[in-house]
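This report describes selected helix packing and the contact between chains in the structure shown below.

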Amino acid sequence: MPDLLNAVLVVVLVLNLFALGTSRLLAVIRIVAVQGALLGALPLLIHDRPSLSVAAAALAAVALKGFAVPSIMMRALRDAQIKREVEPLIGLLPSIVLGALATALALLFSGQLQLSDSRTSALIVPASISTAVVGFLLLTTRYTAINQAVGYLVLENGIFIFGMLLVEAIPLVVEMGMLLDLLVGVFVIAIIANHINRAFSSMDTRRLASLKE
Amino acid sequence: MALAFVFLPVLLAGLAMAVPSNRARPWLLPLAAMVHSGMTVFVLMRPDLQRFSSWLVLDPLGKIILLVVSGLFLFCSIYAAGYLKYRQERSNRVFCACLLTFLGLMGLVAWSQHLGLLWVAIEATTLVTAPLIYFNRTRLSIEATWKYLLVGSVGIALALLGTFFLAYSAMGEGRQPSLMLGELLAGAPALSKPWLHAAFILLLVGYGTKMGLAPMHTWKPDAYGESPGVIGAVFAGGVTSCAFLAFLRVYQICLAAGEGAFASRLLLFMGLFSMAVAGLFMAGQRDFKRMLAYSSVEHMGILMLGLGIGEPALYGTLLHVATSAATKGLLFLSAGNIHRAYASKSTDQVSGAIRRLPISGSLFLAGFLAITGSPPFGPFISEFSILNGAFAAGRFLVAGLFLFFLLVVFVGMGRTVLKVTMGRAAAPAEDAGYRDGFLTAAPVAALMALVLLLGVYVPTPLGGLISDAIRYLEAPL
């Protein structure tokens, strides 16, 4: 079903730009939740007849990326009682432009790559790279602790897309391990973000600047 | 056997969560460590137990890391039991559980033959060690934990992308991609070169972040500086060794693919750059724990440099994993004692440590001499062997720079260490009341004896392990 697969990947790329373009934290988390749920379901589109283990992995990924992880973050957000990103390093519009530029470059660049497999969509590699770049942009240009965690999630989503090419190499146990790591990681990040909020009365990570040479 | 290495410490971590007594709980650490090191010695003597399944095999490289980290953890656990006695005002439940889980994950790293599983285990060590940095619950320790989490997670995410690239490089011509180390090594000559190069760079950056190579080392001084001394020791000798093992796997695949020259250039650059950055930041460093963190950056650089030089320096490099881990343990544990006695880790307040803490103070000074490569200590032998290797490989410029950076580090580190240890003890007002106790001084002294022993004589079993590992690195099949 390459058409459906391509359509999903395009939606994922558009969601990247939405995530870059909003300053409302709740909206950013929701966008990443939708993105995660879509990506979690991708394996079902790639296999013509998904086996039971593929279906189980996809189900776990949708539940985790689409629901469990975002709800941990929304909870942290509610506890901290903040709504908006403080003004980012690069404004919202310029960062959308940068994200779009990165996507275009990734599409152009992937035409040059030696892709050793033509069974799956040609969109996977560029979608993966541009999503990872958008994750980096969010991580480096936003100051709120929660938003940086969202950036990390988007980066992880980008890498997850690349994993679609390698379903045979990643057994179920390893995939579950990766998802578990993600869940625990976001859990720990949310706890620390909460402590930052309590100790500094803000989630602005610019206040974390005492340790330097 | 493999499962015992992973699940026994994790079970004990569960037990640590359940034990109600804050006094009794820390004793689980030495208990677990003793069982663990007993199991390590046992499994090293029994080749028939070294294979659990195709996924979990203790190969020669894994053996070295398992031995080093298990040994270091034993000393650290006894120290931790003593340390936590002084810190009864705070619950050590999470602290003990996280340390024990780390021990189990380290076992998984050492045994794993599947690069995906290896990645999962390394990422998990990042997560369980984060709460350890946060033990002191100060604003500074939150800052250090946050930086460690973000920088570490991003680095490790790049390593995952690199792992995927590596699997992808094995695809093509209808072959199935695989992340099993054996299959990758067997098919290495046919790997797609551009994807292999990209994978190598991403994995170098990713696992290099975890090791703390410059310029990805920024989390290291903060994390080591703000966490208890014993955590610094576990990080500098344990977490970094795990990441180094993961990187060794990648290096081995690169060698098998005939891309040694490509890897070597990058490794020499990273190694020398880390040494230079460490030397630069160590000069005039007031905070002696941060100074130790930069020293760790330097030694990770030395390991990379040794790999970059290649075959003639491999013996020294693998020996350096053991000698530098033991010396780092010694330095961080004694620094922790000094920190506690003065309630400060800045040379502005700390001086005359040898007078106030005769044991920890003199061991700290001796540890400094050892880590900077003075004879007759262990790191001297391994660093000298790497230097010899550089000459034997005809890399005179590299050898010259290596010596020059060692000298810079010696001078920079010496100034701080002498300020801390020598001179008159600071004003009594700054005396926090702590004096050397058996549990917090004996492990440091034992590590010192070990470092000295490694400098005089490399035990035959260890030498045999290293020779096996070199043969395995060069010709895995």
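In this predicted model, the buried residues of α1(B) pack against two helices of chain B, α2 (28-45) and α4 (93-111). The residues concerned are B:A2, B:F5, B:V6, B:P9, B:L12, B:A13 and B:A16. Helix α1 of chain B spans residues 2-18, 17 residues in total, and its first and last C-alpha atoms are 25 Å apart, close to the 24 Å expected at 1.5 Å a residue.

A second packing arrangement in chain B involves α13 (residues 311-342) and α18 (residues 438-456), whose axes come within 9 Å and cross at roughly 150°. Angles over 145 degrees count as roughly antiparallel, and α13(B) and α18(B) are therefore roughly antiparallel to each other. The crossing of α13(B) past α18(B) is left-handed. On the α13(B) side, the residues that meet α18(B) include B:A322, B:A326, B:L330 and B:L333; their counterparts in α18(B) include B:V444, B:L447, B:V451 and B:L454. By class, the residues of this contact comprise 11 nonpolar, 6 polar and no charged.

Between the chains, 35 residues of chain A are in contact with 35 residues of chain B. Three elements of chain A, namely α5 (124-141), α6 (145-163) and α7 (172-200), each give two or more residues to the side that touches chain B. Of these, α7(A) gives the most, with 13 residues. The composition of that side of chain A is tabulated here.

| Class, side of chain A touching chain B | Number |
|---|---|
| Nonpolar | 21 residues |
| Polar | 9 residues |
| Charged | 5 residues |

Key: Residues are numbered from 1 along each chain as its sequence is written. Chains are lettered from A and ligands numbered from 1 in the order in which they are written. This is a predicted model: local features need pLDDT of at least 70, side-chain atom pairs count only at pLDDT 80 or more; totals for chains, interfaces and linings use all residues. Two residues are in contact if their C-beta atoms, placed from the backbone, lie within 7 Å. Helices (H or I, at least four residues) and strands (E, at least two) are DSSP runs, numbered from the N terminus. Ala, Val, Leu, Ile, Met, Phe, Trp, Tyr, Cys and Pro count as nonpolar, Asp, Glu, Lys and Arg as charged, and the others, Gly among them, as polar. The expected span of a helix is 1.5 Å times one less than its number of residues. A residue is buried if 20 or more other C-beta atoms lie within 10 Å of its own, exposed if 12 or fewer, and partly exposed in between; C-beta atoms are placed from the backbone. Axes are lines fitted to C-alpha atoms, for helices over the stretch in contact, and angles run from 0 to 180 degrees between N-to-C directions. Angles under 35 degrees count as roughly parallel, over 145 as roughly antiparallel, 65 to 115 as roughly perpendicular and the rest as oblique. A crossing is left-handed if the near helix is turned anticlockwise from the far one by less than a right angle, and right-handed if clockwise.
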